[in-house]
Amino acid sequence: MSKNCLDCGKPIIGRIDKKFCDDQCRSNYNNKIKNKNNSFIKSVNAILLRNKRILEKLNPEGKTKTTLEKLQKAGFNFSYHTHQFVTQKGSIYTFCYDYGYLPLENNWYLLVRKVE
């Protein structure tokens with residue numbers, strides 16, 4: 001009874017429980033499985049990192065104000081964030097990793113950087 005490699009399909013020679021013909025095929029197969037499982041996570045993380053870079057670029061000093069228009073023009077996606085922080089006064093800061101924002105009046109935003 002002949003078994004075939006799970007990656008390339010060639011016949012396998014050797015141990016009875018062997019699944020791949022060589023290390024390259026084993027690596028290729030496992031990378032394909034990993035990529036299928038992580039593609040959604042990678043796309044979400046790419047959006048989060050882009051949001052962080054935008055906030056970082058618009059806020060080099062650690063605390064500043066900007067407009068909704070500037071954030072949108074830079075490509076900021078308000079649907080994605082890592083966490084929120086509620087102050088004692090009830091203000092809700094939304095963060096992308098260590099950079100965050102607080103919506104203000106008239107489409108203005110306070111940008112902050114969390115320092116630990």
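**Core and aromatic pairs at a glance**

Phenylalanine 76 and tyrosine 101 are both buried. Do keep in mind that this is a predicted model. Both residues belong to the largest nonpolar core, a group of ten, and they also meet as an aromatic pair.

**The nonpolar cores**
- Alongside Phe76 and Tyr101, the ten-residue core takes in Ile54, Leu55, Leu68, Leu71, Cys96, Tyr99, Tyr109 and Leu111.
- At least two residues of this core come from each of helix H1 (23–58), helix H2 (68–74), strand S4 (99–103) and strand S5 (108–113).
- Leaving aside residues up to four places away in sequence, leucine 55 touches Leu71, Phe76, Cys96, Tyr99, Gly100, Tyr101 and Leu111.
- Another core, of five residues, lies apart from that one, and its members include Tyr93, Phe95, Leu110 and Val112.

**Aromatic pairs**
- You will find six aromatic pairs in the structure.
- In one of them, phenylalanine 20 and tyrosine 29 have ring centres 5.2 Å apart and planes at 55°, so this pair is tilted.
- Phenylalanine 20 counts as buried at 13% relative accessibility, whereas tyrosine 29, at 26%, is partly exposed.
- Phenylalanine 76 and tyrosine 101 pair edge-to-face, with 5.5 Å from centre to centre and 90° between the planes.
- That pair links distant parts of the chain, 25 residues apart: phenylalanine 76 sits in the loop between H2 and strand S2 (83–86), and tyrosine 101 in strand S4.
- Phe76 and Tyr101 form one aromatic cluster together with Phe78 and Tyr109.

**Asparagine 45**
- Helix H1 also holds asparagine 45, which counts as partly exposed at 31% relative accessibility.
- Its C-alpha atom is separated by 21 Å from that of leucine 102, 57 residues away along the chain.

Definitions and conventions:
Residues are numbered from 1 along each chain as its sequence is written. This is a predicted model: local features need pLDDT of at least 70, side-chain atom pairs count only at pLDDT 80 or more; totals for chains, interfaces and linings use all residues. Side-chain values use heavy atoms; hydrogens and water are left out. A nonpolar core is a set of buried Ala, Val, Leu, Ile, Met, Phe, Trp, Tyr and Cys residues joined through side-chain atoms within 4.5 Å. Buried means under 20% relative accessible area, exposed over 50%, partly exposed in between (1.4 Å probe, protein chains only). Helices (H or I, at least four residues) and strands (E, at least two) are DSSP runs, numbered from the N terminus. Contact means heavy atoms within 4.5 Å. Rings of Phe, Tyr and Trp (its six-membered ring) pair if their centres lie within 6.5 Å; planes under 30 degrees apart count as stacked, over 60 as edge-to-face and the rest as tilted.
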